[in-house]
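Here are a few exercises to try with the model open beside you. Have a go at each one before reading its solution.

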Amino acid sequence: MTVRTAVILLLAFIIGLLAGGMSYLVDPSVPAAVLVGGGAAGSALLLFHSVIEP
């Protein structure tokens, strides 16, 4: 695993946790928070993959 891959995955994971946590604070539903966090992590993964060049 390269450093670039590790950084991109770490940033996507952090974004997913933050989005899921904030979603849970608004509406205490774990399934909804997981879906929001997963969607945010996937979107962040694509964003950081295109922004951080090899």
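**Exercise 1.** Find which residues of helix 2 are buried, and work out how they sit around the axis.

*Solution.* Start with the cut-offs: buried means under 20% relative accessible area, exposed over 50%, and partly exposed in between (1.4 Å probe, protein chains only). The buried residues of helix 2 turn out to be A33, G37, A44 and F48. They cover an arc of only 35° around the axis (taken from the directions from the helix axis to the C-beta atoms), which puts them on the same side of helix 2. An α-helix has 3.6 residues a turn, so residues three or four places apart point the same way. Next, flip to the face turned away from that buried side: the exposed residues there are P31, L35, L46 and S50.

This is a predicted model, where local features need pLDDT of at least 70, side-chain atom pairs count only at pLDDT 80 or more, and totals for chains, interfaces and linings use all residues. Numbering runs from 1 along each chain as its sequence is written, and side-chain values use heavy atoms, leaving out hydrogens and water.

**Exercise 2.** Work out what the buried residues of helix 2 pack against, then look at S23.

*Solution.* The packing partner is helix 1 (3-26). S23 belongs to helix 1, and S23 is buried, with a relative accessible area of 18%. Setting aside neighbours within four places in sequence, S23 is in contact (heavy atoms within 4.5 Å) with A32, A33 and V36. A33 is also one of the buried residues of helix 2.

Technical notes: Helix = DSSP H or I, 4+ residues; strand = E, 2+ residues; numbered from the N terminus.
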